[in-house]
Number of protein chains: 2
Amino acid sequence: MKKRNTHPDKPDNTADKILKAARAVFAQNGYSGTHMDEIARRAGVNKATLYYQIGDKDTLYANVIHQVLGNIAQGIAETVAQAEKPEDKLQAYINCLVAAVDKNPEMPSIMMREVAADGAHLPQVVAHDIASVLSVLINVLDDGRKKGVFTDTTPFLVHSMIMGTILFYKKVSPIKDRQAFIPASLIARDRKLKGDLAVEVGKLVLKAIDKERSS
Amino acid sequence: MKKRNTHPDKPDNTADKILKAARAVFAQNGYSGTHMDEIARRAGVNKATLYYQIGDKDTLYANVIHQVLGNIAQGIAETVAQAEKPEDKLQAYINCLVAAVDKNPEMPSIMMREVAADGAHLPQVVAHDIASVLSVLINVLDDGRKKGVFTDTTPFLVHSMIMGTILFYKKVSPIKDRQAFIPASLIARDRKLKGDLAVEVGKLVLKAIDKERSS
DNA sequence: TTAAACTATTTAACTATTCGGTTAAACTGT
DNA sequence: ACAGTTTAACCGAATAGTTAAATAGTTTAA
C-alpha cells in the first residue's frame, strides 16, 4: 500500500509538492510570469506529472489561490463572534488576518497582484470567501457605531486601511531589511515594531475610529 | 515642417502615443502579462516603430515606471515644507499622494505589482525617488514626536498605513462599484465617502497617531 | 523653383525561442 | 495481468525581437 499523507504540513505526496512549489512561484512571479516548467522543476517532478495530478495552469492557480485565500473566512467569523465588545471584535478580526498572513507568507504578494488585476483570476469560491470576511468587518463596525464606541465610518475605507496596512507592511519591511534600494540613512532612522504587528495595527485602527474624541 | 508637440498632455508624436498605451497595458496586465504587439496595436503603430522609438520591453517598462512613479518626490518635499505644524505637514503629504494617484490612475496597479515583486523591475532612479518620499514622512513624524503632537510611531508602519490605505481604496472601491464579485447585500450596507479621500485618510491617520489621548 | 540626394521614420514580413499542453511508452506496486 | 503514476520527447501557438524595403520629410545645388 502506498504511504499515505498523515501529516498535512509535511507533504509526501506528489500533488502537495506541486501545490507548494506553485504557491511560491506564483507569489514571486505572478500568473503570467509563472511557467509550468519552473513549477515542475521546483517540485521535482516531470511536467506531465503536474498535468496528470492537477490540470492546466488555470486550475493550478485556482488551487493555489483557494489554498491561500480560502478557509480564512470561517475562522474569522468564529473568532470574532467569541468576543463581546466591538473593540475586542475588531482586534480579533485584525489578529486573524495577521495570523493568516503569518501562516501564509505568500498571501500578501498574491493578494496584491489579484487586487492590481481587478481580481481577474479569482475563482468564484474565493470571491465569496473574501466577501464573507468583508461582511464580518461591516457588521463589527456597524455594531460599534450603534453602541456609540466607533465613529460613523466608511466600511470600505476601514477595510482598505486594515488590509492595506498589513499587506504593505509585511511586504515592504523585508525589502527594507534586505537593503535592496532603501539608503542606509533611512534604515538607521527607522524604529523596530515594539510588539506584535496585529497589536500595533489594532491600536492605530481602534484609535482612528474611536468615538470618544472624534473631531 | 513636421507638426511639433506643443501641448505635452495631447501627445501627437509617436513616442508619447506608445508610452501612453504602454502605461495602460502594463497597469492592466503586469510586466509578463503585457505583450509588445498589444501595445503597438493600442498605440496604433507598427511594432518595429515601437522598437525604433523606444527600445526593448525592459526599456519601455522602465520609461513607464519612471513616468508614473518618478517626479512625485520633488512636489511632495516642496509642498510639505510650506506647512508649519506637523499635523498640517502630514495632511499635505497625504494630499500630495492622493493627488498623484488621481492624476495617474495607473499608479495603484503598478505600485502594487512592484511591491508584490519586491521591486524587481524598479530602475535605480525610481527607487531613489521612493526613498526620498519616505524620508520626508520620517522627518515629519520625527518632528511631530519631538513637538509632542504625535506618539512614538514605527515610521514604516505609518507609511504602510498611508500608502496601503490609499492604494487599496483606489483599487478596491471601483471593483465594488462594478459589482464584479461583491454581493449586492454588501454594497447596500456600504457608505459613500463623505468628502475627499485625502481628507478622510488624513483624519484617520492623524487621529491614530495623535498624542493627546494616547493609550 | 525644382529635382536630386540624403536622413529619419514607418512598415510588412520574418526568425528564433519560449512556453502551455500532449502523447505514448516505461515504470511501480498489487 | 493490470491500474495508477511518472517520464522523455514532442507539438503548435504565441511572442520578443529583427530586417530590408518603402515612405515621408529635409537639405543641397543648379
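**Figure 1. Protein residues around DNA strand D in a predicted model.** DNA strand D is surrounded by 18 residues, where a residue counts as near if one of its heavy atoms lies within 4 Å of the strand. The closest are A:Thr14, A:Gln53, B:His35, B:Met36 and B:Lys47. Sugar and phosphate make up 62% of the atoms of DNA strand D that come within 4 Å of the protein. By class, this surface has 7 nonpolar, 6 polar and 5 charged residues. In this count Ala, Val, Leu, Ile, Met, Phe, Trp, Tyr, Cys and Pro are nonpolar, Asp, Glu, Lys and Arg are charged, and the others, Gly among them, are polar.

The model is predicted: local features need pLDDT of at least 70 and side-chain atom pairs count only at pLDDT 80 or more, while totals for chains, interfaces and linings use all residues. Residues are numbered from 1 along each chain as its sequence is written, chains are lettered from A and ligands numbered from 1 in the order in which they are written, and side-chain values use heavy atoms, leaving out hydrogens and water.

**Figure 2. Phosphate oxygens of DNA strand D and the protein atoms beside them.** A polar side-chain atom of A:Thr14 lies 2.5 Å from a phosphate oxygen of DNA strand D. For A:Asn46 the atom involved is a backbone N or O, 3.0 Å from a phosphate oxygen of the strand. B:Met36 likewise places a backbone N or O atom 2.9 Å from a phosphate oxygen. The elements that give two or more residues to the surface near DNA strand D are helix 3 (47-53) of chain A, with helix 2 (36-43) and helix 3 (47-53) of chain B. Helix 3 of chain A gives the most, with 4 residues. Helices here are DSSP runs (H or I) of at least four residues and strands are runs (E) of at least two, numbered from the N terminus.

**Figure 3. A salt bridge between helix 2 and helix 3 of chain B.** Side chains of opposite charge can pair when their charged atoms come close. In a salt bridge, a side-chain nitrogen of Lys or Arg is within 4 Å of a carboxyl oxygen of Asp or Glu. B:Asp37 and B:Lys47 form such a bridge, with their closest N and O atoms 3.5 Å apart. B:Asp37 lies in helix 2 and B:Lys47 in helix 3 of chain B, so the pair ties together parts that are 10 residues apart in sequence. B:Asp37 is partly exposed at 47% relative accessibility, and B:Lys47 is partly exposed at 34%. On this scale buried means under 20% relative accessible area, exposed over 50%, and partly exposed in between (1.4 Å probe, protein chains only).

**Figure 4. A salt bridge within helix 8 of chain A.** The side chains of A:Lys146 and A:Asp142 meet in a salt bridge of 3.7 Å, N to O. Both residues lie in helix 8 (residues 124-146), 4 residues apart, about one turn of the helix. A:Lys146 is exposed, at 65% relative accessibility, whereas A:Asp142 is buried, at 10%. The two residues belong to a network of salt bridges that links A:Asp142, A:Arg145, A:Lys146 and A:Asp152.

**Figure 5. A salt bridge between distant parts of chain B.** B:Asp102 and B:Lys170 meet in a salt bridge of 2.5 Å, N to O. B:Asp102 is in helix 6 (residues 86-103) and B:Lys170 is in helix 9, 68 residues apart. B:Asp102 is partly exposed, with a relative accessible area of 43%. B:Lys170 is also partly exposed, at 28%.

**Figure 6. The interface of chain B and chain A.** Here 63 residues of chain B are in contact (heavy atoms within 4.5 Å) with 63 residues of chain A. The area buried between the chains is about 5,900 Å², of which carbon and sulfur atoms give 67%. Buried area is the accessible area (1.4 Å probe) that two parts lose on being put together, summed over both. B:Phe156, B:Phe168 and B:Lys207 supply 13% of the area that chain B buries against chain A, more than any other three residues. Across the interface there are 2 salt bridges. A:Asp118 forms a salt bridge with B:Lys171, the closest N and O atoms being 2.8 Å apart. Helix 9 of chain B gives the largest share of the side that touches chain A, 15 residues.

Note on methods:
A polar contact is a pair of N or O atoms within 3.5 Å; within protein, one must be able to donate a hydrogen and the other to accept it, and residues adjacent in sequence count only if both atoms are side-chain atoms.
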